[in-house]
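Subject: Structure for your files

Hello,

Here is the structure I said I would pass on. My notes on it come after the file.

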Amino acid sequence: MLPTWRTTRRLDVLAASGTAPEVLARQAWTVRREVDVKLHALMPVPLRDYIRQHNLARYLDPYGPTFEGLMVSAARKTPDACQTVLALSLRPPVRDERLLSDFATWLLQQDAAYLDAALQQLEGTYGR
């Protein structure tokens, strides 16, 4: 599902042609964002809602950090922010164990109507 090899190859060609580092980093981030959106679409509704809620609280975006946010954060830590964002964007998506460990608690705090609707959607998607 991750187009890492193809993306890396395309970025290598662009880098060899003299494309600016920020353009390369933005392009890698764009591909990563597309992958994240597709992964969210495959997740069961409660987990997707939980992760989106977490991302909104942390990044003000349901799918994670924006390109601009990553650049600002990377620039505080390293002189080569573009290379850092490029590397982060090419990494496979990994869910933080601490984030996932709180999912059960979050799920138990949801109201019955939400849980019923989520269950119906899960049954419609995956069957009984």
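Below is what was found, starting with the packing and ending with the aromatic rings.

Please keep in mind that this is a predicted model.

The largest nonpolar core has 11 residues, among them Trp 29, Phe 67, Leu 70, Met 71, Ala 74, Ala 81 and Val 85. Three helices each give two or more residues to this core: α2 (21–42), α4 (67–77) and α5 (81–90). A second core, separate from that one, has five residues, including Met 43, Tyr 50, Leu 99 and Trp 106.

On α4, the buried residues are Phe 67, Leu 70, Met 71 and Ala 74. These lie on the same side of α4, because the arc they cover around the axis is only 100°. The cover over the buried residues of α4 includes α2 and α5. As for Ala 74, once neighbours within four places in sequence are left aside, its contacts are Ala 81, Thr 84 and Val 85.

Turning to the rings, there are five aromatic pairs in the structure. One of them joins Phe 103 and Trp 106, which are stacked at 6.0 Å centre to centre with 20° between the planes. Phe 103 and Trp 106 are about one helical turn apart, because three residues separate their positions in helix α7 (residues 103–108). Trp 106 has 10% relative accessibility and so counts as buried, the cut-off being under 20%. Ring pairs also connect Phe 103 and Trp 106 with Tyr 50 and Tyr 114 in a cluster. Tyr 50 and Trp 106 thus appear both in that cluster and in the second core.

Regards

Terms used. Residues numbered from 1 in each chain as written. Predicted model: local features only at pLDDT ≥ 70, side-chain atom pairs only at ≥ 80, totals over all residues. Heavy atoms only, no water. Phe/Tyr/Trp six-rings, centres within 6.5 Å; stacked < 30°, edge-to-face > 60°. Helix = DSSP H or I, 4+ residues; strand = E, 2+ residues; numbered from the N terminus. Buried < 20%, exposed > 50% of the residue type's maximum accessible area, 1.4 Å probe, protein only. Core = buried A, V, L, I, M, F, W, Y, C linked by side-chain atoms within 4.5 Å. Contact = heavy atoms within 4.5 Å. Arc of directions from axis to C-beta.
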